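Work through the exercises below with the coordinates open. Each task is followed by a solution in steps.

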Amino acid sequence: MALINENYLKLQAGYLFPEIGRRVKEFTDANPDTKVIKMGIGDVTQPLAPSIVKAFHEGVEEMASAESFKGYGPEQGYSFLREAIAENDYKANGVNSIKADDIFISDGSKCDTGNIQEIFGNDNVIAVTDPVYPVYVDTTVMSGKTGNINDVGHYNGIVYMPCNEKNNFVPALPHDKVDLIFLCYPNNPTGTVATKEELKKWVDYALDNKCIILYDAAYQAFITENGIPRSIYEIEGAEKCAIEFRSFSKTAGFTGTRCAFTVIPETVVAYDNKGKAHKVKPLWNRRQSTKFNGVSYPVQKAAAATYTTEGKKEVADTISYYLENASIMRESLEDAGYKVYGGVNAPYVWVKTKNNMSSWDFFDKVLKETNVVGTPGSGFGPSGEGYFRFSAFADRDHVIEAMTRVKNLS
Ligand code: PLP
């Protein structure tokens, strides 16, 4: 008799985006002539930059000739890409502790943040922020580290750390014992950032308590303000207690092309049940070499092109385009009297509803009064209730049109 992994039965049915789709359909069916503008999902809209496309083509051409054809590549990624990342993302940013060999190329941070749990035992307590990028929670459930969901909408066994205006959307250190801590800055969904001082508190906490920080820096390319850390490894000691996830998805429009990487320094350790320390990096290497056969060569060539002089400029231009969208959104919402967070160092604008209106009521109001679709904050966790996320991944004319309507929002 085949037995199911019962952890999967604990998962709640995907509710947020199907429910958004249902409400939008109901609205468009009733108002067929109304143009609805979608600013809900976090997917890029701008095409790949020219130098990336050129490198991508060259990669394909190399595969077409016997002399340059490539079969399986290294599971960890080609060294040309790993070297380029170490040099440009870390060394050039003042981080000398990260070597090319610590970098593992993958096809996405979504899979990496989920898969990483496999190398950690099920007795670990996982801490996440609330609101949260839902992948951390669902993959924790799948991995068997939780009980069932409770009345509040939290899974028993996970430590949820509320993020709100009071704490500037950076959680307080947990009172409960935790072992693995997911942090994401710039944050999805709130669009807010953590300062060096705030991250230092977390690194010190992790070192003192033998925890590991799982740091998702998928949106680091959007940081515009000086002094905001792009990498957890800018904090002293993080190379002993943090794993960092980065992706080309939002940095360079790779959501449909797929390339990302995970960084595990040699000095990060976890413990066996006798308290003996083990390096984490070889375990991840073992996991990847066993279960993963690498990212395609043309895609890695395309990713490496983001580090050329031309590529850097093109990628920065696209990021500026989205950030300009975010700035228009912030201004319009503020003009309409809303309290607005994020959107300066991130492509997400996090809006507080007025008069404690619920996130879903606000969703309906925005849809009906302005024909714009956003994402209810409560869909990212109970502490997101009363907030709403607008994504800056949209075409400029749509943003301008949407925000002209939003300005008149009551
Ligand atoms: N991490 C965060 C916080 C995200 O918001 C996303 C995508 O929306 C990802 C990771 C997924 O990245 P990838 O496309 O590399 O799988």
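The exercises cover salt bridges, a helix pair, a helix core and some backbone features of this predicted model.

**Exercise 1. A long-range salt bridge**

Task: Find which parts of the chain the salt bridge between Asp89 and Arg246 ties together, and decide whether each residue is buried or exposed.

Solution.
- Step 1. Take the pair distance. The N to O separation is 3.6 Å, and the cut-off for a salt bridge is 4 Å.
- Step 2. Place the partners. Asp89 sits in helix H4 (residues 79–90) and Arg246 in strand E7 (residues 242–247), so the bridge ties together parts 157 residues apart in sequence.
- Step 3. Check accessibility. Buried means under 20%. Asp89 has a relative accessible area of 15% and is buried. Arg246, at 2%, is buried as well.

**Exercise 2. A second long-range pair**

Task: Locate Lys352 and Glu165, and classify their accessibility.

Solution.
- Step 1. Their side chains form a salt bridge, at 3.9 Å from N to O.
- Step 2. Lys352 belongs to strand E12 (residues 348–352), while Glu165 is in the loop between strand E4 (159–162) and strand E5 (180–184). The two are 187 residues apart.
- Step 3. Lys352 has a relative accessible area of 22%, which is partly exposed. Glu165 is partly exposed too, at 27%.

**Exercise 3. A pair within one helix**

Task: Work out how Asp204 and Lys200 are placed in helix H7.

Solution.
- Step 1. The closest N and O atoms of this salt bridge are 2.8 Å apart.
- Step 2. Both residues lie in H7 (residues 196–209), with a spacing of 4 residues, about one turn of the helix.
- Step 3. Apply helix geometry. An α-helix has 3.6 residues a turn, so residues three or four places apart point the same way.
- Step 4. Asp204 is partly exposed at 29%. Lys200 is partly exposed at 38%.
- Step 5. Widen the view. Shared partners join Glu19, Arg22, Arg23, Glu26 and Asp364 into one salt-bridge network. The count for the model comes to 27 salt bridges.

**Exercise 4. Two packed helices**

Task: Describe the packing of H3 against H10 by angle, distance and contact residues.

Solution.
- Step 1. Helix H3 (residues 50–63) and helix H10 (residues 297–304) pack at about 150°, and their axes are 8 Å apart.
- Step 2. Angles over 145 degrees count as roughly antiparallel, and H3 is therefore roughly antiparallel to H10.
- Step 3. The crossing is right-handed.
- Step 4. H3 makes the contact through residues including Ile52, Phe56 and Met63, and H10 through residues including Tyr297, Val299 and Ala302.
- Step 5. Sort the contact residues: 9 are nonpolar, 1 is polar and 3 are charged.

**Exercise 5. The buried side of H6**

Task: List the buried residues of H6 and what they pack against.

Solution.
- Step 1. In helix H6 (residues 134–142), the buried residues are Val135, Tyr136, Val137, Thr139, Thr140 and Val141.
- Step 2. Their packing partners include helix H1 (7–10), helix H5 (109–115) and strand E3 (126–130).
- Step 3. Just past H6, Gly144 has a positive phi of about 90°.

**Exercise 6. Backbone features in loops**

Task: Find where the cis peptide bonds before Pro186 and Pro189 lie, then examine Lys210 and Asn356.

Solution.
- Step 1. Tyr185 and Pro186 are joined by a cis bond with omega about -10°. For Asn188 and Pro189, also cis, omega is about 20°.
- Step 2. Pro186 is in the loop between E5 and H7, as is Pro189.
- Step 3. Lys210, not a glycine, has a positive phi of about 55°. Lys210 lies in the loop between H7 and E6 and is exposed at 54%.
- Step 4. Asn356 has a positive phi near 55°. Asn356 is in the loop between E12 and helix H12 (359–370), and is exposed at 70%.

Notes: Residues are numbered from 1 along each chain as its sequence is written. This is a predicted model: local features need pLDDT of at least 70, side-chain atom pairs count only at pLDDT 80 or more; totals for chains, interfaces and linings use all residues. Side-chain values use heavy atoms; hydrogens and water are left out. Buried means under 20% relative accessible area, exposed over 50%, partly exposed in between (1.4 Å probe, protein chains only). Axes are lines fitted to C-alpha atoms, for helices over the stretch in contact, and angles run from 0 to 180 degrees between N-to-C directions. Angles under 35 degrees count as roughly parallel, over 145 as roughly antiparallel, 65 to 115 as roughly perpendicular and the rest as oblique. A crossing is left-handed if the near helix is turned anticlockwise from the far one by less than a right angle, and right-handed if clockwise. Contact means heavy atoms within 4.5 Å. Ala, Val, Leu, Ile, Met, Phe, Trp, Tyr, Cys and Pro count as nonpolar, Asp, Glu, Lys and Arg as charged, and the others, Gly among them, as polar.
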